[in-house]
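Reader: I'd like to learn how to read a model like this one. Could you walk me through it, one feature at a time?

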Amino acid sequence: MNDRLSCSTALGESLPAPHLLEIVTRHTGATICVVDNDLNILYANEAYANWFNVRPKELLGRTLTSLYSDAARAQFRPHIDRALAGHEVTYQRQICNSEGQEVWFSISLHPWLDGDGQVGGLVNSALEVHELKVTTEALRAANQKLFSHMENSPLAVVELDAQLGLVHCSSRATEWFGWHHASHQGDSLLSLVGDGARVSALRKGLNRLLSGAERQNRVEASFVRPDGSVQHCMWFNSALINLRGETVSIMCQIEDITERVAAADRLLHLAQHDSLTGLLNRGAFMVKAQDAVSQLDEGADAGDGVVILFMDLDGFKEVNDLYGHHMGDTVLRLVAQRLGHVVRAGDTLARLGGDEFTVLMRGNPSPQDLRQFIDRLMQAFATPFALPDTDGVRVTLGVSIGVAAHPPLPAQVDELLTRADHAMYEAKRGGKGSVHYATPAPCDGLG
């Protein structure tokens, strides 16, 4: 091949003048060579020749394959064959430079046509993309690592778009909630979680992120599993904000706190309930009573009020003395069960301690209704209590009841309970199975 072929070729048209071609190819930033069908080099720019530490003219007439190792030829030969068949080919591979470093290049092979319209060879251009490739690989590896962390995290992870549409959810989110980004892509999370008090905080929290009122928040939501059990979740939500201050996506990391909630409920139950009978204890009873009193309006009508009944068992000491405290505890549980069947819906039954029980009645029952309720309490003790594991031993108990009501007594919980307690002792003095009503003292107001 002569020098003219390095500047003009059988492409059918004369190429620009040699100096113009050199200017164009020198400043493209790419290594360029032109070869014929036999891979003889017809043209090479300076960048391509520099790769082999020679001048461009020294490459003319040499074959492309003679410049590379067997391993390199094995890599690029299939691509060259495809280009010589008339296809545009682009691929990436690593090439060892003169310093022995492996550098990534993006290589484009463009077939050229001779005067008969047949493929006469190809133009080989290669652009170094090492930094881009390294950065891309690093980003891919980082994304893969992040994805792996998301999939293996004990938290469920959900990604949302700016309209709260589902973009991605981890396998744990699919396991917990049944969502899958492949089948629920774009579905509104608000439609997936549904309505109701269990998710109201979540809906409000996500909307605060959308409005820009918050960048992140933590909210609790509950979901009913297919088996009917309740799953409690803590949602840690964060918003991705663009330069205009708009929320473009939201990431939700969700922790299953069902066991934690259950443990807290158990502790609360223990704190509020009597461990022997399961009834409310004194502290919880006082809270309920105070709540009932606090809800009374200052201008209460005839239907507003509270009644406290203070009960003490008659004959319980004899049971303890005869059968021991263990059997006495059993009797207290039996008493609690019977009283539980008597109290009305809305009434509060509690064990204050020992053999003392109380009932809080909301409203202001008429004297007749109150008397009928007390009769039912008394009737609960009409049948003797069968002691288990005693060959049929049965014990008979009674109950003395003190009653304090607002109105007419003051609307003060401590005062009402004290008056009911004193009234109970008056009932005791009147004989077993008696009832005594606390009456206003001369200094009492109307409450």
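Author: Gladly! Let's begin with a helix: the buried residues of α3 pack against β3 (89–96), β4 (102–113) and β5 (119–128). Before going on, note that this is a predicted model, where local features need pLDDT of at least 70, side-chain atom pairs count only at pLDDT 80 or more, and totals for chains, interfaces and linings use all residues. Residues are numbered from 1 along each chain as its sequence is written, and side-chain values use heavy atoms, with hydrogens and water left out.

Reader: What do "buried" and "contact" stand for here, and which residues of α3 are buried?

Author: Buried means under 20% relative accessible area, exposed over 50%, and partly exposed in between, with a 1.4 Å probe and protein chains only. Contact means heavy atoms within 4.5 Å. In α3, the buried residues are A72, F76, I80, A83 and L84.

Reader: How are helices and strands picked out, and how many residues does α3 have?

Author: Helices (H or I, at least four residues) and strands (E, at least two) are DSSP runs, numbered from the N terminus. An expected helix span is 1.5 Å times one less than its number of residues. Helix α3 covers residues 70–84, 15 residues in total, and reaches 20 Å from its first C-alpha to its last, close to the 21 Å expected.

Reader: Where does α3 bend?

Author: A bend at a residue is the angle between axes fitted to the seven residues ending there and the seven starting there. For α3 the bend is about 40 degrees at F76, and the proline P78 follows within four residues. Just after α3, G86 has a positive phi of about 105 degrees.

Reader: Which strands make up the sheet beneath α3, and in what order?

Author: Two strands pair if DSSP finds at least two bridges between them. The order in this open sheet of five strands is β2-β1-β5-β4-β3, with antiparallel pairing. At the edges stand β2 (41–44) and β3, each with a single partner strand, so one side of each has no neighbour in the sheet. Between β4 and β5 there are nine bridges, and I107 has A126 in β5 as its bridge partner. As for angles, axes are lines fitted to C-alpha atoms, for helices over the stretch in contact, and angles run from 0 to 180 degrees between N-to-C directions. The direction of α3 makes about 160 degrees with that of β3.

Reader: What is the order of the other five-stranded open sheet?

Author: That order is β7-β6-β10-β9-β8, again with antiparallel pairing. Six bridges link β6 (156–161) to β10 (247–256), and nine link β9 (230–241) to β10. S249 in β10 stands opposite D161 and also opposite L240. β9 and β10 form a hairpin with five residues between them, and G245 in the turn has a positive phi of about 80 degrees. Helix α8 (200–211) lies across β6, β8, β9 and β10.

Reader: And the nonpolar cores: how many residues does the largest have?

Author: In soluble globular proteins, nonpolar side chains tend to be buried together. A nonpolar core is a set of buried Ala, Val, Leu, Ile, Met, Phe, Trp, Tyr and Cys residues joined through side-chain atoms within 4.5 Å. The largest one here has 35 residues, and those with the most contacts inside it include M311 and F357. Among the elements giving two or more residues are β11 (306–314) and α11 (316–342), and α11 gives the most, with nine. Apart from this core lies another of 27 residues, among them Y91, F105, I107 and A126.
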